[in-house]
Amino acid sequence: MNLGNSLFRKYLLVLLTVVCSTLLAASAAQAILGARAQWDSADALLRAESRSAGVRIRSFLSIIETSMTWVLDYDQPGARVDLDQIRDESHRLLRKLPSISALRYVDGTGCMRLSVARVGADRVSDCATPHPPSDDAALLAAAHAHGVAYGPVRFRDASIPSIDLAVVARGRHGGVLLAEVDLRQIHATIIGIRVGAAGYAYIVDRQWHLVAHPDNSLVLRNLGLGSLPLVTGGAAENGGRTVLGRDLAGALVLASSTMVTGPDWYVFVQLPAAQAFSPLIAQLVLGLVIFVVAVVAATTASRRLARRMVQPILAVQAGAGRMAGGDLATRIHVNTGDEVELLAHEFNHMAEALSESYALLEDKVRLRTLELELTGSQVRHQADQLAALNAELSLRLAELSLRRDEAERASAAKTRFLAAASHDLLQPLHAVGLLVGILRQRIRYPEVRDLVLKVVATVRGMESLFGSLLDVSKLDSNAVKVDLQVVDLRPLLEFIDLNFQPLAVEKGIRLRVAPCRCIVRTDPALLERIVANLVSNAIRYTESGTVLVGCRRAGDSVRLLVYDTGIGIAQQHQAQIFEEFYQVEESTRPRDKGLGLGLAIVRRTVDLLGLTLHMRSQPGAGSIFGISLPRHRHGGLALDSPGNPAAHHEQLRGAFIAVMEDDTDAREALEQLLLAAGCHVVAGASLDAVRALLGGHLRTPDLIVTDLRLGHGASGIDAIAAIRTLCDGPVPALILTGDARPPAPSALPAHCQLLRKPVGPSRLFEACAGLVSAPARDETPSPAFPPR
Amino acid sequence: MAPLSVTQSRRAFCARLALGALPFGLGAEAPISIACLSSPPPDEAMLTALRGALRRIDPALLGRARFTADFASFDPVRLRRLAYDLNRRRPDLIVCFDFDAAHAAVATRTATAVPVVFRAHDDPLARGLIASYARPGRNVTGVTTYRCIDEKLVELVADSLPAARRIGFLHDGSAPDGGCNELAHRYARRRGVTLIDYNVTDAARLRTVLDALETARVDALVVGATAATWRMRKTIIARLDALAIPAIYEGKVFVDDGGLMQFSALPDDAFERLARAVAYVARHGTAGDFPVSQPMRFELTVNLKAGHAGRYGLSANILRRADRILE
């Protein structure tokens, strides 16, 4: 806040301004009126004094004029001029009037008869040779005209002023008496004229020469005042009005003048302005003193008055400040009986109301505080409990994490085991399967045939077992990639029927596959595996009756069902049957019906495809397994269907195939199978061996069949590239592998197909026939997940 | 802190008091040294007359004035020496009571001219002391009692003694008078009077003249105011009384010492004018622009108490014209 604009200061300034301006205006008016009155007074005084001085100067001259007439008494009309008497009277006049320095008498004829001087010798002339004084002619003429005449002021020795005065004698032809008046003698008259304390008079002639002055030395200097405006343009020409100007000394004076008739001089009376206006100055000084005193008094009074006016407001302000600072118990005591007191009362009322509101608010706050404290204690208690629970949960989580780590380690160990097993076990099983196939083709004795058939069945069981294990392993290791396609269910069901009808017939049950024209969108290989497992399971656990496979539309989905009239599953086992290696321990169940991996694979595969698996089962009545598939409404479809083995043989007959397999058994089995199919085969354990064998042939191979890993770090893919380089062409190639994580299709060379071990003869022939019969294509065919 | 405040207040009060008194001290006008120089022997009369006139005109100045007086006793060498010393002493102004003193003071000035105020019974313009009466210049001013009254003196003595046909005239012929003596001679010739000049340049010459008067057969005598006649006025009066030669003198002092008649400017007026000049020069520091005043009032005095006054048969005319008759 700008305290420079405080109310007190404003009041003080306003009061001071009013008082001081009033005083100033009064003083100014008084000064103006006083100055005017003083000027009028000085003007009247100076004009009166100038007139008085004129009279005195006139009197000085009149005495001389009158005295001169005495001399002229001896020049009476009709009488003889008595020069002796004139001379005597002249001497007497000189003695009487020291201002006359010389007298001359000119008779009526114009002859100067007598000259009497104060310091010169008297001269008397008889006018024998009369000659009028030419210098005095004008003066004499004027004297004769007016009776009395004055000549111009002359300065003897350029210093001493004098004037000639001519007085005419009575009578028509009377003489003239001329007197030379020493004007220094007026000094006595001039210094006798005093105006006030410092005012004086002086005389100026018509030529502005200073004639008389209290300071006679100025007169003797023969000063001309023609350059003094006060003299020339001021006092003399304005009819005697008082004027203000500078005198000879440069002082500011008031002057008034009067003309002296006769010599036509100006008698100036001047008064120093300081003296003329001394009463006014005194009045101004007094007025100033009074003004100062009044201002001081007004300041004091204004200050007190302003303070009295502001004091209650300041009290209200201070009280309001204390209230604003929180002191609501304070009260403002103002007893001015005006609006300020009302304002103070209002502030007091406001403070009381605020105090009450504050107390009420404090009670509420106190109550709320207690509630908050109670709530806080509860919250703290709950927080303690939560902390305990959290600690316990953390402990459990730690244990769980430990268990999970253990499980993960176990799963990883299992996966590693299965991966190792799938490679290390499938390799000989693959070879055994191929060898048994050869053996079966070469049996000639019936009794041996039965044994071989049992071996084949056993090998198939082992292949199935290992296949399931590998499937579980791949599913757990997320090695299976989903390849969604538009799938027609009809050929898939026909394939099921074709593959499992023999098994059903063998077991003496009826397998019925209902035709289905539905088209769904899913991975056909995985779906085939699901259905195969379900059908296989149904046949396995159905001793009599029927296994029915079909499908049904249900809105946007298609439900594929596998129904059997088998032994059923008790309710308490229905949740566990999808776990791996779980088998219901019931007497009705066959003991040698697998490892319990089929439904585990189904469950994992269904989850992988995002499908829904339904199951209903009743012990002794059978089971129903259903899969809901997303229905595909538009577009065509293209499915690879397994070909006819006989046709495959025809396509392979005469084909030149290079086989690279580091496992001797598997290599020999492959060689034998392909030879049996009519192929011409060169087989080696490594690239170098095959390259050496190919060097003995002129024909380039039509197909390369190789293991992915050829031992000693050699890669089948590198071997394919080498042979293609050797043959200078894109020889088709079939890569067999038992790895749980085979390379991605995009990583394979062109015109290559990859099959997972174990590969049966039919699958092998199918793949080889496809590659051999297919023209050389620029693009690698999409490798399908190899079905078993 | 309180004692310190009191001390400071006291100091401030003393400082203000001193500063307040300072203008009075500075304003107190400095004394004015006035050196007086006269050719005659020591005589305080002129200085006394000057003081008296100054007291009437400017008493404040008189209070400041510090007078010194030197007298040469009519020794020209001593006069020049005194004038030279005065100029070297550099007083505020030099007052010379006669023309010779004034001439010596001006002639012996050093580089800076000290203003000179003179009182002389000579024509300063004719004798080259001033440039003009209105503005004398040369830092010199003064008053003169001189007017060319030789002619008037002859007229007065002729009118007083109408029978006188041989009138002797004692004057200093060596001093230029502007032709004043010649006017007197012309007037005498017009009146049919023989005017016999006696050149009295010094006392010795005057004594010779006085001795020669016995045989000169002059009917009357005009005694002009010269240094010699002024100095030997009583001898002159006594001699003329002894010879019964009526005489008119140029100077009141002659009548005061027993002379028969005198016609001259009033001396009192001269000292008043001298005092005005001194006051002006003392206050303004310069003299050249102050006009040299000339005598204004003259007086014819007839001393009937003089020796043989009754026997001389003074005319009634002169007695009527006399401004003052001593009986």
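## Where two chains meet, and a cluster of rings

Let's start with one pair of residues: A:Asp122 and B:Lys152 join their side chains in a salt bridge, with 3.4 Å from N to O. This is a predicted model, so please read that distance, like the other values here, as computed from predicted positions.

### The contact between chain B and chain A

That salt bridge has company, as six salt bridges are counted between chain B and chain A. The count of residue pairs in polar contact between chain B and chain A is 16, with both residues at pLDDT 80 or more.

Which helices of chain B supply at least two residues each to the side that touches chain A? They are helix 6 (150–160), helix 7 (180–191), helix 12 (267–284) and helix 14 (316–321). Helix 6 of chain B gives the largest share of that side, four residues. Sorted by character, the residues on the side of chain B that touches chain A are 13 nonpolar, three polar and 13 charged.

How many residues of each chain are in contact? On chain B there are 29, and they meet 24 residues of chain A. The size of an interface is often given as the accessible area lost when the parts come together. Here chain B and chain A bury about 2,300 Å² between them, and 46% of it is on carbon and sulfur atoms. Of the area that chain B buries against chain A, 22% is supplied by B:Lys152, B:Gln294 and B:Met296, more than by any other three residues. B:Lys152 is also the chain B partner in the salt bridge with A:Asp122.

### Aromatic rings

Now for the rings. Over all chains, the whole structure holds nine aromatic pairs. Two of them are set out here.

| Pair | Centre to centre | Angle between planes | Arrangement |
|---|---|---|---|
| A:Tyr200 and A:Tyr202 | 6.2 Å | 50° | tilted |
| A:Trp208 and A:Tyr266 | 5.9 Å | 10° | stacked |

Are A:Tyr200 and A:Tyr202 buried or exposed? Both are buried.

Why does the pair of A:Trp208 and A:Tyr266 tie together parts that are 58 residues apart in sequence? A:Trp208 lies in the loop between strand 8 (199–204) and strand 9 (210–212) of chain A, whereas A:Tyr266 belongs to strand 12 (residues 265–272) of chain A, so the pair links these separate parts. A:Tyr266 has a relative accessible area of 7%, so A:Tyr266 counts as buried.

The two tabulated pairs also belong to one picture: ring pairs link A:Tyr200, A:Tyr202, A:Trp208, A:Tyr266 and A:Phe268 into a cluster.

Notes
Residues numbered from 1 in each chain as written. Chains lettered and ligands numbered in written order. Predicted model: local features only at pLDDT ≥ 70, side-chain atom pairs only at ≥ 80, totals over all residues. Heavy atoms only, no water. Contact = heavy atoms within 4.5 Å. Buried area = accessible area lost by both parts, 1.4 Å probe. Salt bridge = Lys/Arg side-chain N within 4 Å of Asp/Glu carboxyl O. Polar contact = N/O pair within 3.5 Å; in protein donor to acceptor, adjacent residues only side chain to side chain. Nonpolar A, V, L, I, M, F, W, Y, C, P; charged D, E, K, R; others polar. Phe/Tyr/Trp six-rings, centres within 6.5 Å; stacked < 30°, edge-to-face > 60°. Buried < 20%, exposed > 50% of the residue type's maximum accessible area, 1.4 Å probe, protein only.
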